[in-house]
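Here are a few exercises to work through with the model open beside you. Try each task before reading its solution.

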Amino acid sequence: MGQGLWRVARNQQLQQEGYSEQGYLTREQSRSMAVSNISNANPRKQVQGGIDIYHLLKTRKSKEREGFINLEMLPPELSFTILSYLNATDLCLASCVWRDLANDELLWQGLCKSTWGHCSIYNKSPPLGFSFRKLYMQLDEGSLTFNASPEEGVNYFMSKGILDDSPKEIAKFIFCTRTLNWKKLRIYLDERRDVLDDLVTLHNFRNQFLPNALREFFRHIHAPEERGEYLETLITKFSHRFCACNPDLMRELGLSPDAVYVLCYSLILLSIDLTSPHVKNKMSKREFIRNTRRAAQNISEDFVGHLYDNIYLIGHVAA
């Protein structure tokens with residue numbers, strides 16, 4: 001219904017303005033077309049829609065009334081709701097017109113927390129002259145600095161009082177932020193194993209199927225492109241965390257962190273085998289079960305078969 005009224009209003013606006021000779025109608029042709037359309041309409045719809053069409057034809061007579069409705073004429077709650085859908089750039093532009101509305105601290109607070117979910121400064125008493133709009137600019141500047149040099153970026157956040165000098169606070173910031181370059185983040189975590197330890201503990205894998213939990217883990221902590229000590233460290237930390245989150249499942253399946261480690265490596269290798277275009281002879285389900293049970297004998301064949309099906313249907317665990 002809303003789209004239909006918009007189309008009618010737009011058509012009437014175009015008819016009022018008139019079109020030029022390059023394929024456009026003149027004002028007189030627009031009026032005659034509007035009259036013919038009304039005359040050809042159903043008589044019953046004429047009565048119901050005639051008043052609306054007449055009202056639309058009379059609207060926007062002056063240039064001052066053309067364009068979008070003035071947000072200052074709306075209730076503040078509705079205006080803030082509309083502006084909350086804007087990004088930082090559009091909100092800055094809106095503040096040139098609606099200075100009091102678009103500069104409201106609640107809007108900028110929402111932008112900060114939707115992009116950077118955790119900062120130490122959120123839980124502190126704001127200093128004198130604090131502004132969430134200014135904080136957004138600092139967070140954006142710090143993120144760009146991090147993506148160029150992770151160590152300098154973290155130091156920038158600390159110098160501005162945004163982050164505390166604590167591995168746990170840095171880990172929370174990384175966990176709740178999606179603006180950091182994953183390649184730079186991988187280098188930083190490889191150097192800061194204390195931050196990596198706290199970052200792993202923030203994951204909750206309770207009641208998750210192993211391949212899905214591994215995918216979630218690698219979405220936050222990207223796997224290296226090559227095998228090596230760092231990949232082994234990630235899988236080891238994941239295995240212990242997965243077992244800690246699912247103690248009942250581990251007892252039921254008879255799994256240990258070492259067994260989960262073997263399964264994770266098997267899933268990564270299977271993912272490469274099934275998704276790589278360079279591998280022509282794909283590993284079969286029977287082969288995967290045989291190879292996996294040879295490395296971890298206590299694992300049931302049905303469970304390993306479900307692991308294969310998950311990779312086959314959903315895809316790579318570390319994509």
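Buried means under 20% relative accessible area, exposed means over 50%, and partly exposed is in between (1.4 Å probe, protein chains only). This is a predicted model, in which local features need pLDDT of at least 70 and side-chain atom pairs count only at pLDDT 80 or more, while totals for chains, interfaces and linings use all residues. Residues are numbered from 1 along each chain as its sequence is written, and side-chain values use heavy atoms, with hydrogens and water left out.

**Exercise 1. Describe the fold of the protein chain in terms of helices, strands and burial.**

Step 1: Take the DSSP runs, numbered from the N terminus: helices are H or I over at least four residues, strands are E over at least two. The protein chain has 18 helices and zero strands.

Step 2: Turn to burial. Of the 319 residues in the protein chain, 36% are buried.

Step 3: Look at contacts, meaning heavy atoms within 4.5 Å. Among those between residues at least 6 apart in sequence, 58% join residues at least 24 apart.

**Exercise 2. Find how many disulfides the structure holds, and explain the cases of Cys 176 and Cys 245.**

Step 1: A disulfide is a covalent bond between the sulfur atoms of two cysteines; here the criterion is a pair of cysteine sulfur atoms within 2.5 Å. The structure holds zero disulfides.

Step 2: For Cys 176, the closest cysteine sulfur is in Cys 119, and at 9.0 Å it is too far for a bond. Cys 176 is partly exposed, because its relative accessible area is 33%.

Step 3: For Cys 245, the closest cysteine sulfur belongs to Cys 243, 9.4 Å away and again too far for a bond. Cys 245 is buried, because its relative accessible area is 7%.

**Exercise 3. Work out how α13 packs against α18 and α16.**

Step 1: Check burial. Nine of the 11 residues of α13 are buried, so this helix is mostly covered. Its cover includes α10 (167–175), α11 (182–191), α12 (193–201), α14 (229–245), α16 and α18.

Step 2: Set the geometry. Axes are lines fitted to C-alpha atoms, for helices over the stretch in contact, and angles run from 0 to 180 degrees between N-to-C directions. Under 35 degrees counts as roughly parallel, over 145 as roughly antiparallel, 65 to 115 as roughly perpendicular and the rest as oblique.

Step 3: Helix α13 (residues 210–220) meets helix α18 (residues 301–314) at about 50 degrees, with the axes 9 Å apart; the two are therefore oblique. Leu 210, Pro 211, Asn 212 and Arg 215 of α13 touch α18 through Leu 307, Asn 310, Ile 311 and Ile 314.

Step 4: Classify the residues: Ala, Val, Leu, Ile, Met, Phe, Trp, Tyr, Cys and Pro count as nonpolar, Asp, Glu, Lys and Arg as charged, and the others, Gly among them, as polar. The contact of α13 with α18 has five nonpolar, two polar and one charged.

Step 5: With α16 the angle is about 75 degrees and the axes are 11 Å apart, so α13 and α16 are roughly perpendicular. Leu 210, Pro 211, Leu 214 and Phe 218 of α13 meet Val 260, Leu 263, Cys 264, Leu 267 and Ile 268 of α16. That contact divides into nine nonpolar, no polar and no charged.
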